[in-house]
Amino acid sequence: MHPGELATRLKSGLLSFPVTHFDQDLAFDETRYREHLAWQSGFGVAGLFAAGGTGEGFSLTSPEIDRVVRAAVDEVAGAVPVLAPATGGTATASAQARAAQEAGADGVLLLPPYLTEAGQAGLVEHVSAVCAATDLGVIVYSRANAVFTDESVAVLAERNPNLIGLKDGVGNVELMTRIYARVGDRLIYVGGLPTAETFALPLLQLGVSTYSSALYNFLPEFALGFFESVRAQDRTAVYQKLNDFVIPYLDIRDRTRGYAVSIVKAGLNAVGRDGGRVRPPLSDLSPAETDELAALIAKVS
Ligand SMILES: O=C([O-])C(=O)C[C@H](O)[C@@H](O)C(=O)[O-]
């Protein structure tokens, strides 16, 4: 898919970030993963990001990422654009971007490198190297040890024609305002803070027209309804849904670092869809927390 077409498709609707299923030995369970994607594709989303943050891409080896991406490409069969992750240092991320293209993915989500801090000049070189490794459209995730200034985003957009978007995992109003003021609609902007619904309405005003929904994994209809309320700028409906579900959900999520991902698998377990367990370094919700989550889900489903 041409990067421009990918950008247009992605900004038209909600974005899905499926979990990656593991078996009892924490090996990739392709059968359950495919079943999940088949169920999820019955609802309308604009793009599927395989092995993203919610998909524990950071806990997968490159061969595993390749398997997950190929399974996703095969399972959704062109109905929805599939984006593959690129992770880690520049050489690994560039190799994964090449592999994504070979696997038939439609685009790449470039996640922050692990461990090290880096200055803006180095981050710009990192992103540019990954963009140069593929013809696919690339979205760069600004978060953690790779937060991009407005100047860097402008340089990246100028240097890399296939850079199509910025995913914001920072939520800094001044920074996002500066970026949109400087780069405007040359890029698409994807809300990517943990439990992105929380920020969706205010970020829309800052040019962030869509977001990645982890909730979509286990409450697809609720997630799509939330998105519609945001797009309609229906403040009453958005705050109703925040109060009914999202804010009490955040109260459980915030008990342990990393629960933003673990709670999604717990949500799947709670709705009877067997999300299974997370890999270390994440940890699973306790049985009592899972029960609490199940009671909360029951109120909105
Ligand atoms: O790459 C990822 O999966 C994210 O971190 C995005 C999540 O979907 C996040 O936006 C969320 O938790 O809603």
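Where in the structure is the place of Pro 281? The views below, taken from a predicted model, begin with that residue.

**View 1. A cis peptide bond at Pro 281.** Pro 281 has its place in the loop between helix H11 (259-270) and helix H12 (287-300), and the peptide bond that leads to this residue from Pro 280 is cis, with omega near 15 degrees. Most peptide bonds are trans.

**View 2. The crossing of helices H2 and H3.** The axes of H2 (residues 30-40) and H3 (residues 62-76) come within 10 Å and cross at roughly 40 degrees, and H2 and H3 are therefore oblique to each other. Their crossing is right-handed. On the H2 side the contact is made by Glu 30, Tyr 33, Arg 34, Leu 37 and Ala 38, and on the H3 side by Arg 67, Val 68, Ala 71, Ala 72, Glu 75 and Val 76. Sorted by class, this contact has seven nonpolar and four charged residues, but no polar ones.

**View 3. The surroundings of the ligand.** Among the 13 residues around the ligand, those that come nearest are Gly 52, Gly 53, Thr 54, Ala 196 and Ala 214. The shell has six nonpolar and seven polar residues, with no charged residues.

**View 4. Positive phi at Leu 26 and at Thr 195.** Leu 26, in the loop between strand E1 (15-16) and H2, has a phi near 65 degrees, and this residue counts as partly exposed because it has 13 C-beta neighbours inside 10 Å. Thr 195, in the loop between strand E7 (188-191) and helix H8 (197-205), has a positive phi of about 50 degrees, and with 20 C-beta neighbours inside 10 Å Thr 195 counts as buried.

Terms used. Residues are numbered from 1 along each chain as its sequence is written. This is a predicted model: local features need pLDDT of at least 70, side-chain atom pairs count only at pLDDT 80 or more; totals for chains, interfaces and linings use all residues. Axes are lines fitted to C-alpha atoms, for helices over the stretch in contact, and angles run from 0 to 180 degrees between N-to-C directions. Helices (H or I, at least four residues) and strands (E, at least two) are DSSP runs, numbered from the N terminus. Angles under 35 degrees count as roughly parallel, over 145 as roughly antiparallel, 65 to 115 as roughly perpendicular and the rest as oblique. A crossing is left-handed if the near helix is turned anticlockwise from the far one by less than a right angle, and right-handed if clockwise. Two residues are in contact if their C-beta atoms, placed from the backbone, lie within 7 Å. Ala, Val, Leu, Ile, Met, Phe, Trp, Tyr, Cys and Pro count as nonpolar, Asp, Glu, Lys and Arg as charged, and the others, Gly among them, as polar. A residue is near a molecule or strand if its C-beta atom, placed from the backbone, lies within 6 Å of it. A residue is buried if 20 or more other C-beta atoms lie within 10 Å of its own, exposed if 12 or fewer, and partly exposed in between; C-beta atoms are placed from the backbone.
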